[in-house]
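I opened this structure to look up how some of its helices are shaped and how they pack, and I kept my notes in the order in which I checked things.

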Amino acid sequence: MQHESLAARIGRVGVWHGGLGRVSAGVARRAVVEIEQLGYGALWFGETPANESMSLAAVLLAATERITVATGIANIWVRDASAAHAGARTLAGAYDGRFLLGLGASHAPLVGARGHAYDKPLTAMRAYLDAMDQAPDDGPTAEAAPGRVLAALGPKMLELARDRTAGAHPYFVTPEHTARAREILGAGPLLAPEQAVLLESDPATARALAREHHTRFYLQLPNYTGNLRRLGFGDGDFAGGGSDRLVDAIVAWGDVDAVRRRIAEHHDAGADHVAVQPVAGDGGLGIEQLRQLAPVLLGS
């Protein structure tokens with residue numbers, strides 16, 4: 001899939017959702033149908049020990065008609081490269097190219113929990129892409145070849161995304177990172193960062209919810225703290241679920257216009273597409289936030 005056609009297919013704004021694998025299939029189907037009806041161009045979802053990304057993608061694709069369904073990300077330690085290649089081809093062929101394969105090397109604690117040794121993620125990703133490219137293609141050929149992107153944060157992984165895939169899907173990043181990523185990727189490849197959002201205008205409440213339901217967990221993972229160090233954050237910013245400065249940089253909280261401004265900052269920094277992740281402090285899926293944001297972010 002060409003970079004330009006992929007960007008046009010998924011549009012300027014999509015949704016990233018980590019909760020769809022933790023609810024019943026029926027709830028997930030109803031959620032993705034509404035997200036499609038609201039006009040978002042793509043739905044990205046994470047992979048956890050509780051859900052397998054190819055299976056969940058099939059559930060979400062079968063429930064929808066237009067929206068692109070993207071793994072954000074499929075963990076390369078969960079399935080071998082040949083299985084990933086075959087699964088992506090099957091889904092792309094069955095659903096008119098609406099499946100986008102986001103690949104990532106995940107994180108040492110999560111990989112170790114699966115019984116694997118997390119060693120040299122860049123080397124592992126390069127070898128995985130090599131094996132995908134060498135996988136047999138003796139089954140039905142998808143009319144639209146499945147696109148693939150990498151969960152790239154650091155310069156070397158961004159270079160690999162530029163050279164070997166359609167682009168990058170960075171997670172837990174700021175508009176400054178988007179600008180740096182675009183500089184490395186150059187003008188062609190897709191750049192589709194995730195952006196956490198929270199419609200809450202009280203600073204104390206917003207930051208408390210952001211820490212509890214977003215930053216505290218991710219700040220335990222060295223890949224993210226390492227990337228934040230490159231952006232000027234330090235140990236003091238990582239304590240207690242994140243300093244105010246870090247929370248404000250990672251989570252766009254406030255009213256609808258405040259969120260719109262943050263998404264615009266990513267676009268101005270070079271993003272083709274921004275995947276908004278609703279931070280749901282009530283244990284729900286944040287669909288109401290997506291409803292309120294859609295008219296402003298999508299221009300409808």
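The entries below take up one helix by itself and then two helix pairs.

Entry one. I kept in mind that this is a predicted model, and I began with helix α9, residues 203-218, where I found a kink of about 55° centred on R211. I then looked up which residues of α9 are buried, and the list reads A206, R207, A210, R211, H214, T215 and Y218, so that R211 appears both at the centre of the kink and among the buried residues. Following these buried residues outward, I noted that they pack against the strands β9 (194-198), β10 (251-253) and β11 (274-278), as well as against α10 (222-230) and α12 (244-250).

Entry two. I turned to helix α6 (residues 121-134) and α7, whose axes lie 10 Å apart at an angle of about 10°; with angles under 35 degrees counted as roughly parallel, I therefore recorded the two as roughly parallel to each other. The crossing is right-handed. On the α6 side I listed P121, L122, M125, R126, L129, D130 and D133, which meet K156, M157, L160 and R164 of α7, and this contact divides into 6 nonpolar and 5 charged residues, with no polar ones.

Entry three. I next checked α7 (residues 155-164) against α8 (residues 175-185), and their axes come within 9 Å and cross at roughly 50°, an angle that makes α7 and α8 oblique to each other. Here α7 passes α8 in a right-handed crossing. The contact involves P155, L158, E159, A161 and R162 from α7 and A181, I184 and L185 from α8, of which 6 are nonpolar, 2 charged and none polar.

Conventions. Residues are numbered from 1 along each chain as its sequence is written. This is a predicted model: local features need pLDDT of at least 70, side-chain atom pairs count only at pLDDT 80 or more; totals for chains, interfaces and linings use all residues. Side-chain values use heavy atoms; hydrogens and water are left out. The bend at a residue is the angle between axes fitted to the seven residues ending there and the seven starting there. Helices (H or I, at least four residues) and strands (E, at least two) are DSSP runs, numbered from the N terminus. Buried means under 20% relative accessible area, exposed over 50%, partly exposed in between (1.4 Å probe, protein chains only). Contact means heavy atoms within 4.5 Å. Axes are lines fitted to C-alpha atoms, for helices over the stretch in contact, and angles run from 0 to 180 degrees between N-to-C directions. Angles under 35 degrees count as roughly parallel, over 145 as roughly antiparallel, 65 to 115 as roughly perpendicular and the rest as oblique. A crossing is left-handed if the near helix is turned anticlockwise from the far one by less than a right angle, and right-handed if clockwise. Ala, Val, Leu, Ile, Met, Phe, Trp, Tyr, Cys and Pro count as nonpolar, Asp, Glu, Lys and Arg as charged, and the others, Gly among them, as polar.
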